[in-house]
Amino acid sequence: MEKRILHASRLRQLPPYLFVEIDRLKLEAVERGMDIIDLGVGDPDLPTPPHIVKRMAEAAADPRHHRYPSYEGLLAFRRAAAEWYRDRFGVVFDPAREVLTLIGSKEGIGHIPLAFIDPGDTVLVPDPGYPVYQAATVLAGGTPHSLPLYPSNGFLPDLESIPLDVLRKTKMLFLNYPNNPTAAVAHMEFFVQAVDFARRHQLILCHDAAYSEIAFDGFRPQSLLEVEGAKEVAIEYHSLSKTYNMTGWRIGFAVGNAEILAGLGKVKTNLDSGVFEAIQLAGIEALRGPQDCVAAHCKVYQERRDVLVEGLNGIGWNVPKPQASFYVWIPVLPGYTSTNLVKRLLGEAGIVTTPGVGFGQHGEGFIRAALTVPVARIREAVERVGTLNF
Ligand SMILES: *Cc1c(COP(=O)(O)O)cnc(C)c1O
């Protein structure tokens, strides 16, 4: 029996889940009756805008949408995505070949190494980073190679420092700006360098732009595909999850190089059966409908950001203000590791945050707070931190 249920080696190779102990401490605090302020999860607390929900309800009632959807997504959805990209970034894609509908961008990130990575191939993954890049690489039999993100470099990787013997085996590079967990942003100059680097070393460049629409103080993140020639080597992931508060709906898309998308599409054809058409129609409504909801969401996050960052800095912390994403990447206080600080905030103040080391060894020295609770609760969190003796 035991032999039969032993996990496959690819599963055993996945890094241990570092949040197990934090989850346990959170549960304990709840059981003690503690009032928990959860800044741990990157999941918007605001509802999906009503016009999107309404479209879904209508479409769900229509039996024409009850059958299997097409694998690559309704052409109408891919057209809406292409038009949205054109209007937002000034880049034009052929909806039939250069846009692929995804069951959330995580699905497309998780599946792409299966299309291109053989055992022995290396994939460059940001550290700290969204854990899926590394996990997907390992599940495909590939070897992840960490790209350290340092504050001194604005949390951009130093691509030119990657050893040549690593690059010879490397086939794919993941980047993610605005970044989770560091909240860093990349400017055009870096995207130009990254595309040039990918071309010189013949890498498939996958840019995760899940937070492209969540930005503050008038800042507008750019697309990596705005770089001339980027389409020859790159795809970009976009998600409706964070932009329209649709994390539970599972819809996103990838745009860019047609051959890369065809590879991803081939994996998907064999593993999933696409996105429920009613959700795709709601997605069209999200992309084509009024966009003032997006600005309204950003305004809410911006106020929360200001209360948290200014509040903590007011009691002697040293927290930079992020320009984008809904995370604040907080340097730990002297004498603490990220895990120790997270435990103290949870145990003594009921505040849940995420230790930076959970996103990779170079995340040590920071904790992540998600701005996904009402501003009054953030104010309360700052007050509680103020009562702790640091
Ligand atoms: C939330 C998130 C995603 C995944 O979003 P989906 O809901 O799967 O579209 C992808 N990348 C990053 C960095 C994220 O934080």
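Which elements cover the buried residues of H11? Among them are H3, helix H4 (75–89), strand E2 (99–102), helix H9 (240–243) and strand E8 (252–256). This is a predicted model, and helix H11 is a good place to enter it.

Helix H11 spans residues 277–288 and has 12 residues. Its first and last C-alpha atoms lie 16 Å apart, close to the 16 Å expected at 1.5 Å a residue. The helix is mostly covered, with 10 of its 12 residues buried. The buried residues include Glu277 at the start of the helix, then Ala278, Ile279, Gln280, Leu281 and Ala282. Gly283, Ile284, Ala286 and Leu287 are buried as well.

Ala286 leads on to Met246. That methionine sits in the loop between H9 and E8. Both H9 and E8 are among the elements that cover H11. Met246 has 0% relative accessibility, so it counts as buried. Beyond its sequence neighbours within four places, Met246 is in contact with Thr48, Ile52, Leu240, Ser241, Ile251 and Ala286. Ala286 is itself one of the buried residues of H11.

Now move to another part of the chain. The C-alpha atoms of Met246 and Lys169 are separated by 38 Å. Along the chain, these two residues are 77 residues apart. Lys169 is in turn one of the residues touched by Thr122. Thr122 lies in strand E3, which covers residues 122–127. Is Thr122 buried or exposed? At 7% relative accessibility, Thr122 counts as buried. Leaving out residues up to four places away in sequence, Thr122 also touches Thr143, His145, Val166, Thr170, Lys171 and Met172.

Next come the charged pairs. How many salt bridges does the structure hold? It holds 27. Two of them share Glu58 in helix H3, and H3 is among the elements that cover H11. In one, the side chains of Lys54 and Glu58 meet at 3.5 Å, N to O. Why are these two residues about one helical turn apart? Lys54 and Glu58 are separated by about one turn because they are 4 residues apart in helix H3 (residues 50–60). In the other, Arg55 forms a salt bridge with Glu58, with the closest N and O atoms 3.3 Å apart. Arg55 and Glu58 are 3 residues apart in H3, again about one turn of the helix. An α-helix has 3.6 residues a turn, so residues three or four places apart point the same way.

Accessibility varies across this trio. Lys54 has 55% relative accessibility, so it counts as exposed. Glu58, at 42%, counts as partly exposed. Arg55 is partly exposed too, with a relative accessible area of 26%.

Another salt bridge joins Arg200 to Glu160, with the closest N and O atoms 2.8 Å apart. This pair links distant parts of the chain, the two residues being 40 residues apart. Arg200 is in helix H8 (residues 188–200). Glu160 is in the loop between strand E4 (143–148) and helix H7 (164–169). Arg200 is partly exposed, with a relative accessible area of 45%. Glu160 is exposed, at 52%.

Salt bridges also form a network. Asp217, Arg305, Asp306, Glu310 and Lys321 are linked in this way.

Last, look for enclosed space. The count comes to 2 cavities of 30 Å³ or more. The largest cavity has a volume of about 90 Å³. It is lined by 13 residues, and the closest to its centre are Leu308, Leu312, Ile330, Ile351 and Val385. Helix H12 (292–314), strand E12 (366–370) and helix H14 (375–387) each give two or more residues to this lining. Which element gives the most? H14 does, with 3 residues. By class, the lining of the largest cavity has 12 nonpolar residues, 1 polar and no charged.

The second largest cavity holds about 30 Å³ of space. Its lining consists of Tyr177, Pro178, Val185, Ala186, Phe191, Phe219, Pro221 and Gln222. Of these, 7 are nonpolar, 1 is polar and none is charged.

Key. Residues are numbered from 1 along each chain as its sequence is written. This is a predicted model: local features need pLDDT of at least 70, side-chain atom pairs count only at pLDDT 80 or more; totals for chains, interfaces and linings use all residues. Side-chain values use heavy atoms; hydrogens and water are left out. A salt bridge is a side-chain nitrogen of Lys or Arg within 4 Å of a carboxyl oxygen of Asp or Glu. Buried means under 20% relative accessible area, exposed over 50%, partly exposed in between (1.4 Å probe, protein chains only). The expected span of a helix is 1.5 Å times one less than its number of residues. Contact means heavy atoms within 4.5 Å. On a 1 Å grid over the protein atoms alone, a cavity is a set of points where a 1.4 Å probe fits but cannot get out, and a pocket is an open set with protein on both sides within 12 Å along at least five of seven lines; lining residues have an atom within 4 Å of a point. Grid points are joined across faces, edges and corners, and a volume is the space filled by probe spheres set on the points. Ala, Val, Leu, Ile, Met, Phe, Trp, Tyr, Cys and Pro count as nonpolar, Asp, Glu, Lys and Arg as charged, and the others, Gly among them, as polar.
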